[in-house]
Amino acid sequence: MMTAIAIRPEALRDAIAAALGDKVRQITLALDEVTVVVSAADYLSAMHTLRDAPGCQFEQLVDLCGVDYSSYGEVGVEGARYAVVSHLLSVSLNQRVRVKVFCPDDDLPVVASVSDLWNSANWYEREAFDLFGIVFDGHNDLRRILTDYGFIGHPFRKDFPLSGHVEMRYDAEQRRVIYEPVTIEPREVTPRIIREDKYGGLH
């Protein structure tokens, strides 16, 4: 079986820009990797084009994750806090692209689901929903996948407390797992250096 020879990153960037047209908000080439930013309104249509258009043909979605930019300031093209980043692979053309879409509403981050385009997006989108609270419109089974059923909040958000909201333990008397308010007191750990006498041969 012959492997397709990857085209130059510059040519890939130009092919993607031509295929997406005015759906492109920003397209960059860094370290031989192409990153394209699209708006939430054009996201589903753009992903459909990237999957099917000649010169693109990204048959596989290999990764999808959420990002919380709250501590980075105005980094997005729309100054939004939450983004979804996807990595697409074309096996037939031996090329990759990174797609970024910013959620327009920080209070209720929503973007379209691409699980109907790539089955692999199903669990990735559930993970981003669970950890970041990003809602994927059109997902047919959007529920938590990593945290427990009664978990409160989204642990990968930058404002999520380090000790969480609740703690759980097994209660032998009730013979079940119970949830209680967090009892861990936040504290700052200051490292100390303790050296024994004659450390390192010094007298």
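**Exercise 1. Find the loop that holds Asn94, then work out whether Asn94 is buried, partly exposed or exposed.**

Step 1. Look along the chain in this predicted model: Asn94 sits in the loop between β4 and β5.

Step 2. Check the backbone. Asn94 has a positive phi of about 55°, even though it is not a glycine.

Step 3. Now the surface. Buried means under 20% relative accessible area and exposed means over 50%. Asn94 comes out at 33%, so it counts as partly exposed.

**Exercise 2. Do the job again for Leu31: which loop is it in, and is it buried or exposed?**

Step 1. Leu31 lies in the loop between β1 (24–30) and β2.

Step 2. Leu31 is not a glycine either, yet it has a positive phi of about 55°.

Step 3. The relative accessible area of Leu31 is 82%, so this leucine is exposed.

**Exercise 3. Describe the hairpin made by β8 and β9.**

Step 1. Start with the two strands. β8 covers residues 166–171 and β9 covers residues 176–181.

Step 2. Ask how they run. They pair in the antiparallel sense, over 6 bridges.

Step 3. Pick out one bridge: Val166 is partnered by Pro181 in β9.

Step 4. Look at the turn. There are 4 residues between the strands, and Arg175 takes a positive phi near 55° in this hairpin.

**Exercise 4. Place Ser86 in the fold and list what it touches.**

Step 1. Ser86 is found in strand β4.

Step 2. Its relative accessibility is 0%, so Ser86 counts as buried.

Step 3. Leave out residues up to four places away in sequence, and you get this list of contacts for Ser86: Tyr43, Met47, Leu61, Asp63, Leu64, Val97, Arg98 and Val99.

**Exercise 5. Explore the largest pocket: how much space does it hold, and what lines it?**

Step 1. The space in the largest pocket is about 250 Å³.

Step 2. Its lining has 15 residues, and the ones nearest the centre are Asp32, Glu33, Gln95, Arg96 and Val97.

Step 3. Sort the lining by type: 8 residues are nonpolar, 3 are polar and 4 are charged.

Step 4. Trace the lining back to the fold. At least two residues each come from α1 (9–20), β2 (33–38), β4 (82–90) and β5 (95–102). Strand β5 gives the largest share, with 4 residues.

**Exercise 6. Count the disulfides, then compare how Cys56 and Cys65 sit relative to the surface.**

Step 1. The count is quick: the structure holds 0 disulfides.

Step 2. Cys56 has a relative accessible area of 0%, so it is buried.

Step 3. Cys65 has a relative accessible area of 27%, so it is partly exposed.

**Exercise 7. Step back and sum up the whole chain: how many helices and strands are there, and in what order do they come?**

Step 1. Count the elements: the protein chain has 3 helices and 9 strands.

Step 2. Read them off from the N terminus, and you get α-β-β-α-β-β-β-β-α-β-β-β.

Step 3. Check the burial. Of the 203 residues in the protein chain, 34% are buried.

Step 4. Finish with the contacts. Take those with a separation of 6 or more: 51% of them are between residues 24 or more positions apart.

Technical notes: Residues are numbered from 1 along each chain as its sequence is written. This is a predicted model: local features need pLDDT of at least 70, side-chain atom pairs count only at pLDDT 80 or more; totals for chains, interfaces and linings use all residues. Side-chain values use heavy atoms; hydrogens and water are left out. On a 1 Å grid over the protein atoms alone, a cavity is a set of points where a 1.4 Å probe fits but cannot get out, and a pocket is an open set with protein on both sides within 12 Å along at least five of seven lines; lining residues have an atom within 4 Å of a point. Grid points are joined across faces, edges and corners, and a volume is the space filled by probe spheres set on the points. Ala, Val, Leu, Ile, Met, Phe, Trp, Tyr, Cys and Pro count as nonpolar, Asp, Glu, Lys and Arg as charged, and the others, Gly among them, as polar. Two strands pair if DSSP finds at least two bridges between them. A disulfide is a pair of cysteine sulfur atoms within 2.5 Å. Buried means under 20% relative accessible area, exposed over 50%, partly exposed in between (1.4 Å probe, protein chains only). Contact means heavy atoms within 4.5 Å.
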